[in-house]
Amino acid sequence: MITTLSYIDPGTGSLVLQMIAGGVAAAAVTAKLYWRRLRRVFGANRPEDEGTPS
Amino acid sequence: MDEQTRAAADLEPGSFRDPDSRVVRSEGRIFRVLSERGLADWQTFSASPLFAELVDEGKLIGTREADGVELGATGLHEQVAGALEHELVPFVSYPYEWTFGMLRAAALLQLELVRRSVEAGFMLKDSSPYNVQFVGARPVFVDVGSFEPLREGEPWAGYRQFCMLFLYPLMLQAWKDVPFQPRLRGAIDGISPAECRNLLSLRDLFRRGVLTDVVLHNRLERRYASSTRDVKGELKRAGFRKELIVANVGRLERLVSRLRPPRSDSTWSGYGLTTTYSEEDAERKRRFVADAVRAESPRLVWDVGANEGQHSRDAAASAAYVVAMDADSVVVDRLYGELTEERSERILPLVVNVVDPSPGLGWRGLERQPLPERGLPDLTLCLALLHHVSISGNVPVASFLDWLRDLGGAVVIEFPTPEDPMVRRMLARKRSNDHPDYRREWFERCLEERFDVVDSIELGAGSRIVYRARPHE
């Protein structure tokens with residue numbers, strides 16, 4: 001490993017994992033957002049839920 | 001600062017890991033000296049609204065610039081560019097003395113700080129639970145030197161450390177009922193992904209977070225162990241954005257907040273209710289202890305064997321700070337839960353086994369200090385404790401009193417005589433002459449050799465005696 005971000009060893013594998021895990025989590029958040037919007041279009045959602053995926 | 005006080009300035013031996021910042025003690029105050037890079041990071045961070053918010057919310061230790069303070073040896077490799085002064089934490093504690101709830105609260109604080117920092121354009125250099133301290137039941141982040149400006153495109157360097165020192169210990173206790181305290185005390189860097197993987201069973205693979213944070217993490221760590229690829233650069237080119245850190249941290253926050261301790265009962269839970277005292281005697285004892293604390297008006301009280309913390313609560317009415325220690329983590333965790341709800345900042349609950357207390361650990365055995373070096377008590381409470389130390393722990397009565405004498409403060413100590421039903425039960429499990437020193441006359445002789453007995457009270461028809469004593473002048 002030739003990169004250092006910090007004085008602690010971040011672990012190369014640990015960095016790669018974040019891309020995957022963060023990507024999956026980000027995709028899930030995005031999917032949820034669009035799912036809610038879709039439901040709103042069909043009138044199945046309360047309007048105050050819009051845009052606050054959690 | 002004159003020569004004398006400069007000589008008294010003491011390098012905090014546990015703060016050497018970050019090359020840009022060292023902690024120095026001087027005259028009971030606590031300073032942080034910074035390198036040029038450390039100072040630049042501090043100036044950017046302290047000017048941000050995030051810094052003021054976190055201090056206001058009690059989540060970050062109060063910190064101000066200490067101009068004109070000269071500190072002797074600072075341990076920094078380069079010239080000292082600036083110095084900060086921190087608010088004091090009344091008593092320093094370490095993760096291997098915390099309960100499940102405390103480690104979880106510290107983990108959630110660490111994650112919240114990372115999330116809010118990233119959103120505000122900052123990052124934390126590391127994720128060590130040793131950067132969190134408890135003021136009573138309130139967790140507070142003390143390593144102001146950990147904040148630095150975010151470098152866009154770089155992942156969270158502290159993720160691995162978060163897993164090893166926060167996430168895996170909590171997972172193993174929640175799911176496998178394996179207490180994390182001995183493991184964290186045994187290894188200053190915590191539990192590796194491979195160790196955690198080996199301790200989990202097939203069933204655990206279906207639990208939230210295991211496939212990602214343990215199994216895949218371990219695989220990737222092994223795969224990249226001898227890699228010389230520029231992963232940081234590759235990630236940046238692949239479009240790693242700070243939103244990925246926020247998403248990942250949000251995922252970990254949900255995971256950690258759902259972890260629960262496995263048990264709510266234990267040997268000692270309910271102990272306060274099952275003693276042999278009559279209600280009247282229990283009340284007399286309580287009053288005796290509360291009066292003793294008032295008479296001693298101590299700054300720091302150690303309540304050793306605090307159990308449910310009743311005497312700690314009484315003591316906190318007239319003492320500045322109480323450290324409530326007990327070996328039973330379930331009982332201490334319950335006390336922590338109550339204190340959290342009450343927002344108490346005067347009682348610090350800790351998991352401590354008095355016959356096997358925290359040693360000095362880490363580099364040269366100095367990075368983490370033994371309990372007495374973090375602050376000696378003005379008063380120590382040892383109520384319903386000595387028979388456990390002596391009969392179960394096999395510590396000689398005289399040796400226990402030596403230890404109390406070395407702490408230097410006054411004591412309130414209970415001696416349950418061999419006629420006490422509980423003691424009789426404990427002695428019945430031993431050979432008849434295993435504890436020749438567990439006698440009232442011998443105890444009193446040892447006590448009087450080291451202390452002046454100021455007051456005492458007999459309870460349970462003389463089967464238990466509580467003494468208040470001060471060390472000989």
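## A core residue and the model

Let's start inside chain B: setting aside neighbours within four places in sequence, B:Leu381 is in contact with B:Val289, B:Val301, B:Trp302, B:Asp303, B:Val304, B:His311, B:Ala315 and B:Val412. Contact here is defined as two C-beta atoms, placed from the backbone, within 7 Å. B:Leu381 is also, with B:Val322 and B:Ala324, one of the residues with the most contacts inside the largest nonpolar core, which has 129 residues. Such a core is a set of buried Ala, Val, Leu, Ile, Met, Phe, Trp, Tyr and Cys residues joined through C-beta atoms within 7 Å. A residue is called buried if 20 or more other C-beta atoms lie within 10 Å of its own, exposed if 12 or fewer, and partly exposed in between, with C-beta atoms placed from the backbone.

This is a predicted model, in which local features need pLDDT of at least 70 and side-chain atom pairs count only at pLDDT 80 or more, while totals for chains, interfaces and linings use all residues. Residues are numbered from 1 along each chain as its sequence is written, and chains are lettered from A and ligands numbered from 1 in the order in which they are written.

## The seven-stranded sheet

An open sheet of seven strands in chain B follows the order 12-11-10-13-14-16-15, with mixed pairing. At its edges are strand 12 and strand 15 (451-459), each pairing on one side only. Neighbouring strands are turned by 15 degrees against each other on average, direction ignored. Strands are DSSP runs of E with at least two residues and helices are runs of H or I with at least four, numbered from the N terminus; two strands pair if DSSP finds at least two bridges between them.

Within this sheet, strand 13 (residues 379-382) and strand 14 (residues 410-416) of chain B run parallel and are joined by four bridges. One pairing puts B:Cys382 opposite its bridge partner B:Ile413 in strand 14. Helix 12 (residues 279-296) of chain B lies across strands 10, 13, 14, 15 and 16, and runs at about 160 degrees to strand 15. For such angles, axes are lines fitted to C-alpha atoms, for helices over the stretch in contact, and values run from 0 to 180 degrees between N-to-C directions.

## The five-stranded sheet

Five strands of chain B form an open antiparallel sheet in the order 1-2-3-5-4. Strand 1 and strand 4 (63-65) stand at the edges with a single partner strand each, so one side of each has no neighbour in the sheet.

Strand 2 (residues 21-26) of chain B is mostly covered, with five of its six residues buried. Two bridges tie strand 2 to the antiparallel strand 1 (residues 10-11), and B:Asp10 has B:Arg25 as its bridge partner. Strand 2 also pairs with strand 3 (residues 29-34) in the antiparallel sense over six bridges, where B:Ser21 is matched with B:Leu34. Two residues separate strands 2 and 3 in their hairpin, and there B:Glu27 takes a positive phi near 50 degrees.

## Two helices of chain B

Helix 14 (residues 329-341) of chain B has 13 residues and reaches 18 Å from its first C-alpha to its last, close to the 18 Å expected. The expected span is 1.5 Å times one less than the number of residues. Its buried residues include B:Val332, B:Leu335, B:Tyr336 and B:Leu339, and their cover includes helix 4 (100-119), helix 6 (181-186), strand 11 (321-326) and strand 12 (347-351) of chain B. Just after helix 14, B:Arg343 takes a positive phi of about 55 degrees.

Helix 10 (residues 242-258) of chain B has 17 residues and reaches 25 Å, close to the 24 Å expected. Among its buried residues are B:Asn248, B:Arg251, B:Leu252 and B:Leu255. An α-helix has 3.6 residues a turn, so residues three or four places apart point the same way.

## Buried loop residues with positive phi

B:Asn307 has a phi near 50 degrees, a positive value in a residue other than glycine. B:Asn307 sits in the loop between strand 10 and helix 13 (310-316) of chain B, and counts as buried because it has 23 C-beta neighbours inside 10 Å.

B:Ala384, also not a glycine, has a positive phi near 50 degrees. B:Ala384 lies in the loop between strand 13 and helix 15 (386-392) of chain B, and is buried, with 20 other C-beta atoms within 10 Å.

## Chain A and its contact with chain B

Chain A has one helix and zero strands, and 22% of its 54 residues count as buried. The contact takes 23 residues from chain A and 35 residues from chain B. On the side of chain A that touches chain B, 14 residues are nonpolar, nine are polar and none is charged. In this scheme Ala, Val, Leu, Ile, Met, Phe, Trp, Tyr, Cys and Pro count as nonpolar, Asp, Glu, Lys and Arg as charged, and the others, Gly among them, as polar.
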